[in-house]
Amino acid sequence: MKEEITAMWIFAALITSFCFGINNSIFKWSGTKGHSKIHIQFFFYFVAFILSIMYGVLVDGLNLNWVSILLGAAIGVLNANGNIQMASAFEKGPASLTSPLIAANTVFPILCAALIFHEHISQLQWSGVICMLLATLIIQYTPNAKGNHQYVPWMMHTLFAIFSFGVLGILMTTTTRLHLSSLDILVSMYGGGTVYLMVAMGIKHEKIKSKEIKIGSCVGLLSVIGYGCYFFALNTGIASIIFPVVSLNCLIVVFAGCYLFKEKLKTYQIAGVFAALIGIILTKI
């Protein structure tokens, strides 16, 4: 029975990674088409908010309180801000350094789970975590990046993104330790993110394209599925293992890049794929 539960939360974490990977691939594709990331994020948050609140009202029932509203809204704002800061960092500096640096945010919730929430992690499982973290860095790293870069603003945007995603992971772990309803957190998260992005759209004053609405709606549906599985995994599994598994969504982006954008997979990236798979196996032992 214990083995079945373990398999379920790891599978849920993998589904989350898959959904996030597809969404990131969509973001990458939409960027090449000149679509606004803020508009797409707004519509994905808005659609996800409508879907989650409809499910809560019609099926499961909402039991919102100030704690779940505040924590959920904070998670939504941090996630939206992290995505915006990451996009700005790509514009200001070398992408080959930006991605690995921001991916390092996974360390914060892992350390939080181990040190603050006293989760027990075996040496073998720690080996799996390290393999997955190394795989994340290897897969996304591209040596010899060239170009004119603005170091100070690039580093500031990168640090803000790391901070946003790192604190987001800690807050998600906190909500599970407080036994708050995942649905209440999801509704508050999407609601808070929608308001934040609405303000950002008002500041930008950019024209909304019909394709941005369609893309955002698709991303919103995948996000609901992904975060639903994310909270299930955190409620039933080990957070310090779940976070590295979710971070492997970069595998989807790599494969999408090879298929859609005709990017060639380098030898060290293939090694990263195998390291990621080994890491997943080690965390299950």
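Helices here are DSSP runs of at least four residues, numbered from the N terminus. The model is predicted. With that numbering, α8 is a useful place to start. This helix has 23 residues and reaches 32 Å from its first C-alpha to its last, close to the 33 Å expected at 1.5 Å a residue. After α8 comes H205, which has a positive phi, near 55°.

The helices also supply the largest nonpolar core, and the next step is to see how. This core holds 46 residues, and those that touch the most other members are M172, Y190, Y227, Y230 and I242. At least two residues of the core come from each of α1 (2-32), α2 (37-60), α3 (66-92), α7 (151-177), α8 (182-204), α9 (210-236) and α10 (239-247). The most is given by α9, with nine residues. In soluble globular proteins, nonpolar side chains tend to be buried together.

Y190 shows the contacts of one core member in detail. Leaving aside residues up to four places away in sequence, Y190 touches F44, Y45, A48, F49 and S52, and also S223, V224 and Y227. Of these, Y227 is itself among the core residues that touch the most other members.

The cysteines come last. A disulfide is a covalent bond between the sulfur atoms of two cysteines. The structure holds zero disulfides. For C19, the nearest cysteine sulfur is that of C229, 6.3 Å away, and C19 is in no disulfide. A pair would count as a disulfide with its sulfur atoms within 2.5 Å. C19 counts as buried because its relative accessible area is 4%, under the 20% cut-off. C218, in contrast, counts as partly exposed because its relative accessibility is 40%.

Methods. Residues are numbered from 1 along each chain as its sequence is written. This is a predicted model: local features need pLDDT of at least 70, side-chain atom pairs count only at pLDDT 80 or more; totals for chains, interfaces and linings use all residues. Side-chain values use heavy atoms; hydrogens and water are left out. A nonpolar core is a set of buried Ala, Val, Leu, Ile, Met, Phe, Trp, Tyr and Cys residues joined through side-chain atoms within 4.5 Å. Buried means under 20% relative accessible area, exposed over 50%, partly exposed in between (1.4 Å probe, protein chains only). Contact means heavy atoms within 4.5 Å. The expected span of a helix is 1.5 Å times one less than its number of residues.
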